[in-house]
Amino acid sequence: DEVKPGGHELVVAIASDGVVIFRGEERGLAELEELFKEEAAKDPERLVLVQADENTFHKRVVEVMEMARRSGLRNLAIATKPEN
């Protein structure tokens, strides 16, 4: 399998109220973990990009990143969206 440049990362958006959005849909943490495990089985090197704004609970960001790591996804990054 060749890695396609760009658009390959798994983007998880976390709203300031803690709601998690993955692939355009709100996800519960258990559901998100299953999706992470499926992706890790296909490609453990896939980047997980967690997007959160400055008001998002740090605890939820850490939970999602730890879940990705537990699921076998090793490349994790965080992108913050500054408050306007």
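A search of the whole structure, a predicted model, turns up one aromatic pair. The partners are Phe22 and Phe36. Their ring centres lie 6.1 Å apart and their planes meet at 75 degrees, so the pair is edge-to-face. The angle decides this, because planes over 60 degrees apart count as edge-to-face. The pair links distant parts of the chain. Phe22 sits in strand 2, Phe36 in helix 1, and 14 residues separate them.

Are these two rings buried or exposed? Phe22 is buried, with a relative accessible area of 1%. Phe36 is buried too, at 0% relative accessibility.

**Arg46**

Arg46 lies in the loop between helix 1 and strand 4. Its relative accessibility is 15%, so Arg46 counts as buried. The cut-off matters here, because buried means under 20%.

What does the side chain of Arg46 reach? One partner is the backbone oxygen of His8, at 2.6 Å. Another is the side chain of Glu39, joined to that of Arg46 by a polar contact of 2.6 Å. Leaving aside residues up to four places away in sequence, Arg46 touches His8, Glu9, Leu10, Arg23, Glu39, Leu73 and Asn75.

The three buried side chains discussed so far are listed here.

| Residue | Relative accessibility |
|---|---|
| Phe22 | 1% |
| Phe36 | 0% |
| Arg46 | 15% |

**Helix 2**

Helix 2 runs over residues 58-70 and has 13 residues. From first C-alpha to last, helix 2 reaches 18 Å. That is close to the 18 Å expected at 1.5 Å a residue.

Which residues of helix 2 are buried? They are Val61, Val64, Met65, Met67 and Ala68. These cover an arc of only 155 degrees around the axis, which puts them on the same side of helix 2. The general rule is helix geometry: an α-helix has 3.6 residues a turn, so residues three or four places apart point the same way. On the other side of helix 2, His58, Lys59 and Arg70 are exposed.

What do the buried residues of helix 2 pack against? Their partners are helix 1 (29-42) and four strands: strand 1 (10-14), strand 2 (20-22), strand 4 (47-53) and strand 5 (75-81). Two of these elements also hold the aromatic pair, with Phe22 in strand 2 and Phe36 in helix 1.

After helix 2 comes Gly72. The phi of Gly72 is positive, near 105 degrees.

How values were computed: Residues numbered from 1 in each chain as written. Predicted model: local features only at pLDDT ≥ 70, side-chain atom pairs only at ≥ 80, totals over all residues. Heavy atoms only, no water. Helix = DSSP H or I, 4+ residues; strand = E, 2+ residues; numbered from the N terminus. Expected span 1.5 Å × (residues − 1). Buried < 20%, exposed > 50% of the residue type's maximum accessible area, 1.4 Å probe, protein only. Arc of directions from axis to C-beta. Contact = heavy atoms within 4.5 Å. Polar contact = N/O pair within 3.5 Å; in protein donor to acceptor, adjacent residues only side chain to side chain. Phe/Tyr/Trp six-rings, centres within 6.5 Å; stacked < 30°, edge-to-face > 60°.
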